[in-house]
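Here is a short tour of one protein fold, written for someone who likes to have the structure open while reading. Take a look at it first, and then we can walk through it together.

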Amino acid sequence: MFDGIELHTVTYDHPDAVKLNDDVQIEYRHRYQGEGDATWLDPAMFEPPRGRYLLAYDPSGLPVASGGWRSQERNDEGYSDGDAELKRMYVIPGARGRGLARRILAELEADARAAGRTRMVLETGDQQPEAIGLYLSSGYELCPKFGYYREYENSRCMAKPLHP
């Protein structure tokens with residue numbers, strides 16, 4: 001199913017990560033008729049053991065998918081102690097339908113669990129039905145809203161316990 005796809009841990013500011021982030025921002029602007037995701041992210045947020053950022057590369061060395069998690073603790077944006085927040089899950093259009101997002105998601109969940117995180121949380125939107133379907137089929141449930149977009153009507157927040 002993965003046809004020689006390899007996952008690599010990279011920094012959030014790695015040039016390939018920046019390229020995929022730029023691509024996902026274009027997709028967000030198109031889907032939401034806005035300016036993309038304005039959530040502030042610092043590359044240090046994804047440094048192990050408090051986070052991790054993954055890129056999937058095809059056999060030719062092309063980056064085709066991304067995703068990361070960062071640690072969160074209880075704060076005024078609605079996070080809880082022990083949260084791992086999923087960020088920047090993206091698969092380029094030509095690589096979709098091959099299970100890459102599910103593979104990255106499983107790897108990130110395992111990594112966050114190993115780092116002592118107790119719950120994976122994420123925010124997506126109502127214009128991303130593929131993402132919602134992935135997360136629901138992976139055991140996530142809707143939860144009270146948190147984060148930068150917690151006041152937005154089209155925001156959908158989800159969570160999944162990370163049991164040992």
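What is the volume of the largest pocket? It comes to about 860 Å³, in what is a predicted model. The lining of this pocket is made by 37 residues, and those nearest its centre are Tyr28, Met89, Thr124, Gln128 and Ala131. Helix 1, strand 4, helix 2, strand 5 and helix 3 are the elements that each give two or more residues to that lining.

Now to the sheet. Its 7 strands form an open sheet with mixed pairing, in the order 1-2-3-4-5-7-6. Strand 1 (6–9) and strand 6 (141–142) are at the edges with a single partner strand each, so one side of each has no neighbour in the sheet. Strand 4 (residues 83–91) pairs with strand 5 (residues 119–125) in the parallel sense, over 3 bridges. Glu85, for example, has Val121 in strand 5 as its bridge partner.

Two helices can be placed against these strands, as the table shows.

| Helix | Strands it meets | Direction |
|---|---|---|
| Helix 1 (residues 15–32) | lies across strand 2 (51–57), strand 3 (63–72), strand 4 and strand 5 | about 85° to strand 4 |
| Helix 2 (residues 100–114) | touches strand 1, strand 2, strand 3, strand 4, strand 5 and strand 7 (155–161) | about 30° with strand 3 |

What about the interior? In soluble globular proteins, nonpolar side chains tend to be buried together. Here the largest nonpolar core has 37 residues, and Leu86, Leu108, Met120 and Tyr135 have the most contacts inside it. At least two core residues come from each of helix 1, strand 2, strand 3, strand 4, helix 2, strand 5 and helix 3 (129–137). There is also a second, separate core of 6 residues, including Tyr79, Val121, Phe146 and Cys157.

Met120 is a good residue to click on. Leaving aside residues up to four places away in sequence, Met120 touches a list of residues that includes Trp69, Leu86, Leu108, Tyr140 and Met158.

Finally, is Asp3 buried or exposed? Asp3 has 53% relative accessibility, and the cut-off for exposed is over 50%, so Asp3 counts as exposed. Asp3 sits in the segment before strand 1. Not counting residues up to four places away in sequence, Asp3 touches Pro59 and Arg98. Ser137 is 134 residues from Asp3 in sequence, and their C-alpha atoms are 23 Å apart in space.

Technical notes. Residues are numbered from 1 along each chain as its sequence is written. This is a predicted model: local features need pLDDT of at least 70, side-chain atom pairs count only at pLDDT 80 or more; totals for chains, interfaces and linings use all residues. Side-chain values use heavy atoms; hydrogens and water are left out. Two strands pair if DSSP finds at least two bridges between them. Helices (H or I, at least four residues) and strands (E, at least two) are DSSP runs, numbered from the N terminus. Contact means heavy atoms within 4.5 Å. Axes are lines fitted to C-alpha atoms, for helices over the stretch in contact, and angles run from 0 to 180 degrees between N-to-C directions. A nonpolar core is a set of buried Ala, Val, Leu, Ile, Met, Phe, Trp, Tyr and Cys residues joined through side-chain atoms within 4.5 Å. Buried means under 20% relative accessible area, exposed over 50%, partly exposed in between (1.4 Å probe, protein chains only). On a 1 Å grid over the protein atoms alone, a cavity is a set of points where a 1.4 Å probe fits but cannot get out, and a pocket is an open set with protein on both sides within 12 Å along at least five of seven lines; lining residues have an atom within 4 Å of a point. Grid points are joined across faces, edges and corners, and a volume is the space filled by probe spheres set on the points.
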